[in-house]
Amino acid sequence: MKRPWLIGGAAIVVIGLLGMVAFGWRMAIAPIARPAVASFAPAQIARGEVLASAGYCATCHTAKGGAVLAGGYPMKTPFGTIYSTNITPDSETGIGTWSLAAFRRAMHEGVARDGSHLFPAFPYDHFTRLTDGDVADLYAFLMTRPAIKAPPKSNTIPFPLNLRLLQAGWKLLYFKPGRFTPDASKDAAWNRGAYLVEGISHCSACHTPRGALGAENKDKAYAGALVDHWIAPPLTGANPSPVPWGADELVAYLGTGVSRYHGVAAGPMGPVSHGLSKLPPADLKAVAAYLTSLNGAAGKSAAGAPAIGQALATDRSGTGLQYDAAARLYTAACASCHYNSGKEPNPLRPDLALNSAVNMDDPRNLIRVILYGVDAADGIPGVVMPGFARGFSNADVGRIANYVRATRTSRPAWTDLEQKVATIRAEGRGQEQ
Ligand code: HEC
Ligand code: HEC
Ligand code: HEC
């Protein structure tokens with residue numbers, strides 16, 4: 001039987017594929033000999049170091065216990081695990097043979113030196129906003145790091161999603177390349193903040209929910225999202241904190257990892273505040289200027305907010321009925337450290353009434369903190385909150401969470417706590433800690 005239409009169909013498929021190859025095709029950029037360290041000015045390297053810190057390059061490009069920037073850090077996606085690459089200047093396994101033009105194309109377009117498309121687990125959709133000058137500074141910093149031989153690890157993305165050419169389609173749908181364009185109606189600080197937040201520091205990569213194909217949902221910018229088993233709270237007016245996130249508090253939290261009127265930067269936010277701590281004070285203020293335009297707290301000060309007085313009064317009134325099992329648990333496990341008696345919350349003892357983890361609709365972050373604690377490396381330098389995963393059953397952790405919620409907020413009680421604790425316990429601590 002003749003089926004000429006089959007040939008026609010096949011021809012269309014072939015033409016379609018050829019079209020895609022043509023569309024997705026990128027030239028390789030010729031390899032170079034590794035540039036000499038002395039060819040970069042020390043001031044440029046220093047600027048690149050600050051940018052690399054504010055872009056958390058080392059957080060994603062360093063495997064646990066591995067050499068800094070040598071790659072191999074696993075990023076779990078719904079489609080499989082993608083490993084970061086070696087971005088030290090090793091000529092065989094790193095980016096030692098990459099010219100500035102090749103590096104710039106990777107940062108601005110998500111294309112590797114050999115012409116293959118990179119996965120958006122690498123936040124090039126934000127780095128595309130960077131000026132050529134900033135990209136050159138980053139290049140100077142990376143090219144002057146020690147070259148480490150570390151071959152890439154194989155991703156576990158299944159066929160056909162592992163075809164890098166398909167990323168061209170993803171880019172067509174979701175990627176808007178282009179440098180940051182200042183908003184002339186806003187002042188210089190706001191524009192500087194927007195440049196940092198949207199570009200190098202890619203805050204929305206965690207704080208904006210993503211759609212089915214992993215792209216940020218721009219209609220819900222900064223509305224809060226689940227990331228690595230944590231909730232990155234909304235940075236909009238929907239933020240649940242009882243005290244406004246005004247500029248001073250943002251500068252303190254982002255630059256030092258703690259705000260006395262809110263809490264600490266734990267989980268995936270820990271490395272973010274470490275990274276931002278290298279920014280000069282004027283840049284942190286600029287970031288805060290931009291953020292307070294998103295959350296409506298511009299010009300608002302946390303100090304003196306009524307919620308603070310209320311929180312301290314609750315602490316002073318004690319834990320209530322000691323024959324209540326939940327109150328007893330709380331007193332034994334938490335009260336000794338989270339009790340504030342002065343006129344102001346002690347920044348070394350986060351006040352639970354003021355903490356977003358206690359005020360959110362979802363108890364996830366609070367349960368994580370109770371189970372796994374907060375490392376010395378995160379939040380307040382040198383201070384540790386112990387984890388209670390071993391000491392308490394799921395039911396007990398649930399009771400404590402419920403008790404804190406009921407006594408510290410007037411928000412609706414959480415439901416199914418024991419089940420939620422079981423789920424979060426099964427997830428484990430996570431690689432980020
Ligand atoms: C959120 C995690 C993350 C952050 C932050 C990050 N990267 Fe990456 N990067 C990746 C991943 C994952 C890849 C590999 C992507 C792939 O295989 O398609 C990658 C790839 C790259 C590549 C391509 C290298 C190659 O061999 O193909 C360069 C260059 C790069 N990153 C530079 C940087 C720089 C510079 C920074 C900091 C400004 C940075 N990255 C921050 C995750 C990250
Ligand atoms: C890698 C993911 C990630 C990135 C990138 C990130 N955040 Fe976060 N952020 C989180 C998580 C998770 C939390 C919750 C931390 C906690 O509960 O201790 C958080 C908490 C916060 C909070 C505290 C909110 C509250 O109500 O308690 C602020 C403010 C914040 N982030 C701002 C930023 C800014 C500004 C940037 C960019 C400069 C940024 N974040 C980048 C994940 C991230
Ligand atoms: C040994 C003292 C200690 C005990 C006991 C303790 N905490 Fe903490 N807690 C801390 C410290 C210190 C921090 C700040 C951690 C940091 O910066 O490293 C903290 C942080 C927190 C945070 C803020 C997390 C954030 O992301 O902002 C919450 C919520 C919390 N603790 C709840 C509890 C609960 C509930 C209990 C009882 C089950 C408890 N803590 C027991 C010392 C303690």
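Here is a quick briefing on the metal site, the domains, the salt bridges and a surface patch of this structure. Keep in mind that the model is predicted. The protein chain is split by its domain assignment into three stretches: domain 1 (22–174), domain 2 (188–295) and domain 3 (306–427). An iron atom in ligand 3 is held by H338 and M385, and the structure has 14 salt bridges in total.

**The iron site**

- Two side chains reach the iron atom of ligand 3: H338 through its NE2 atom and M385 through its SD atom, at 1.9 to 2.0 Å.
- The two ligating residues sit 47 residues apart, with H338 in helix 14 (residues 325–338) and M385 in the loop between helix 16 (364–372) and helix 17 (394–408).
- The geometry here is octahedral, because the 6 donor atoms around the iron atom of ligand 3 subtend angles of 85 to 178°.
- For comparison, the ideal angles for six octahedral donors are 90 or 180 degrees.
- H338 has a relative accessible area of 13%, so this residue is buried, the cut-off being under 20%.
- M385 comes out at 21% relative accessibility, so this one counts as partly exposed.

**Domains**

- Measuring from C-alpha centre to C-alpha centre, domain 1 and domain 3 lie 40 Å apart.

**Salt bridges that link distant parts of the chain**

- As a reminder, side chains of opposite charge can pair when their charged atoms come close.
- D283 pairs with R192 in a salt bridge, and their closest N and O atoms are 2.8 Å apart.
- With D283 in helix 12 (residues 281–295) and R192 in helix 8 (residues 188–198), this bridge ties together parts that are 91 residues apart in sequence.
- D283 is buried at 10% relative accessibility, while R192 is partly exposed at 33%.
- R260 and E344 form another salt bridge, with 3.7 Å between the closest N and O atoms.
- This pair joins two loops that are 84 residues apart: R260 is between strand 5 (258–259) and strand 6 (263–264), and E344 is between helix 14 and helix 15 (356–359).
- R260 is partly exposed, with 33% relative accessibility, and E344 is partly exposed too, with a relative accessible area of 34%.
- E427 and R364 meet through their side chains in a salt bridge of 2.8 Å, N to O.
- Here the link runs between helix 18 (residues 417–427), which holds E427, and helix 16, which holds R364, and the two residues are 63 apart.
- E427 has a relative accessible area of 24% and is partly exposed, whereas R364 is buried at 11%.

**A salt-bridge network**

- D90, E92 and K149 don't form a lone pair: the three are linked in a network of salt bridges.

**A nonpolar patch on the surface**

- M20, F79, F159, L161, L163, L166, L173, Y174 and L213 make up a nonpolar surface patch of about 840 Å².
- One of these patch residues, L173, belongs to helix 7 (residues 167–174).
- L173 counts as exposed because its relative accessibility is 59%, and the cut-off for exposed is over 50%.

Methods:
Residues are numbered from 1 along each chain as its sequence is written. Chains are lettered from A and ligands numbered from 1 in the order in which they are written. This is a predicted model: local features need pLDDT of at least 70, side-chain atom pairs count only at pLDDT 80 or more; totals for chains, interfaces and linings use all residues. Side-chain values use heavy atoms; hydrogens and water are left out. Donors are N, O and S atoms within 2.8 Å of the metal (3.2 Å for Na, K and Ca); water is not among the atoms, so sites may look incomplete. Four donors count as tetrahedral if all angles lie between 85 and 135 degrees; four count as square planar and six as octahedral if opposite donors are over 155 degrees apart and all others between 65 and 115; anything else is irregular. Helices (H or I, at least four residues) and strands (E, at least two) are DSSP runs, numbered from the N terminus. Buried means under 20% relative accessible area, exposed over 50%, partly exposed in between (1.4 Å probe, protein chains only). Patches are made of residues with over 30% relative accessible area and no salt bridge: like charges are joined within 9 Å, nonpolar side chains (Val, Leu, Ile, Met, Phe, Trp, Tyr) within 5 Å. Accessible areas come from the Shrake-Rupley method with a 1.4 Å probe; for residues, only the protein chains shown count as cover. A salt bridge is a side-chain nitrogen of Lys or Arg within 4 Å of a carboxyl oxygen of Asp or Glu. Domain bounds come from an automatic or database domain assignment.
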